[in-house]
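Welcome, and thank you for taking a look at this model. Let us walk through it together, from the whole chain down to single residues.

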Amino acid sequence: MLRGNELLTIGELAARTGLSVSAVRFYERKGLVHPIRTSGNQRRFLRSDIRRISFALIAQQLGFTLPQLAEELAKLPEGRAPTAADWQRISANFRKVIEQRVAQLQRTLDDLNGCIGCGCLSLKKCALYNPDDRAGLNGVGPRFILVSRKVALGLD
């Protein structure tokens, strides 16, 4: 059975994550992974670094920045495989942001072909959903997409 504390070469880590060796070095420079150096000064990575890099790849695709990732990943223990509790602790902030983004995406899907609360009042639906541009009183832009319709109209 393979354990999270098993050591991998940089090439093995790159192969398992689908990255190039230079990309692994880039993540190292950004503080996302921290190799152990052998007596011959070769990099060795914990097998659990596969998850760190995989987590970073997913989070980047969701719009998180490398500094945000480095800050959160720095909260994980060094020198041992993180436990489920460790991952749960750092993922709480990501979960909150992702849930907010999912809600915004759902509002976009629901309202994109209708009134989005932008203030144009060019659709017949706008008179029903955003009479006299009431949403504009609580901010600029497509209010029904950026925040909930209730919040945009000051009903919540």
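Helices and strands here are DSSP runs, with at least four residues for a helix (H or I) and at least two for a strand (E), numbered from the N terminus. Please keep in mind that this is a predicted model.

**The whole chain**

Counted that way, the protein chain has eight helices and three strands. Reading from the N terminus, their order is β-α-α-β-β-α-α-α-α-α-α. With a radius of gyration of 23 Å, well over the 15 Å that the globule rule gives for 156 residues, the protein chain is more spread out than a compact globule. Its C-alpha trace spans about 70 × 30 × 25 Å along the principal axes.

How much of the protein chain is buried? Buried residues account for 31% of the 156 residues. As for contacts between residues at least 6 apart in sequence, 53% of them join residues at least 24 apart.

**How helices pack**

Three helix pairs make a good next stop. The table gives the angle and the axis distance for each pair.

| Helix pair | Angle | Axes |
|---|---|---|
| H1 (residues 10-17) and H3 (residues 49-61) | about 45° | 10 Å apart |
| H4 (residues 66-73) and H5 (residues 84-111) | about 150° | 10 Å apart |
| H1 and H2 (residues 21-29) | roughly 100° | within 8 Å |

Let us begin with H1 and H3, which pack at an angle of about 45°. Angles that are neither under 35 degrees, nor over 145, nor from 65 to 115 count as oblique, and H1 and H3 are therefore oblique to each other. Their crossing is right-handed. On the H1 side the contact is made by Leu13, Arg16 and Thr17, and on the H3 side by Asp49, Ile50, Ile53 and Leu57. By class, these residues are four nonpolar, one polar and two charged.

H1 also packs against H2, with the axes crossing at roughly 100°. That makes H1 roughly perpendicular to H2. Here Ile10, Gly11, Leu13 and Ala14 in H1 meet Val21, Val24 and Arg25 in H2. The contact of H1 with H2 has five nonpolar residues, one polar and one charged. Leu13 thus appears in the contact with H3 and again in the contact with H2.

Further along the chain, H4 and H5 pack at an angle of about 150°, and H4 is roughly antiparallel to H5. The crossing of H4 and H5 is right-handed. H4 brings Gln68, Leu69, Glu72 and Leu73 to the contact, while H5 brings Trp87, Ile90, Asn93 and Phe94. Sorted by class, the contact of H4 with H5 holds five nonpolar, two polar and one charged residues.

**Two residues to look at**

Is Asp111, in helix H5, buried or exposed? Its relative accessible area is 13%, and under 20% counts as buried, so Asp111 is buried. Not counting residues up to four places away in sequence, Asp111 touches Ile116, Phe144, Ile145 and Arg149.

Gly63 sits in the loop between H3 and H4. With a relative accessible area of 44%, Gly63 is partly exposed. Which residues does Gly63 contact, leaving aside its neighbours within four places in sequence? They are Gln68 and Arg101. Gly63 and Ile98 are 35 residues apart in sequence, and their C-alpha atoms are 9.6 Å apart in space. Gln68, in turn, belongs to the contact of H4 with H5.

Terms used:
Residues are numbered from 1 along each chain as its sequence is written. This is a predicted model: local features need pLDDT of at least 70, side-chain atom pairs count only at pLDDT 80 or more; totals for chains, interfaces and linings use all residues. Side-chain values use heavy atoms; hydrogens and water are left out. Axes are lines fitted to C-alpha atoms, for helices over the stretch in contact, and angles run from 0 to 180 degrees between N-to-C directions. A crossing is left-handed if the near helix is turned anticlockwise from the far one by less than a right angle, and right-handed if clockwise. Contact means heavy atoms within 4.5 Å. Ala, Val, Leu, Ile, Met, Phe, Trp, Tyr, Cys and Pro count as nonpolar, Asp, Glu, Lys and Arg as charged, and the others, Gly among them, as polar. The radius of gyration is taken over C-alpha atoms; the globule rule is 2.2 Å times the number of residues to the power 0.38. Buried means under 20% relative accessible area, exposed over 50%, partly exposed in between (1.4 Å probe, protein chains only).
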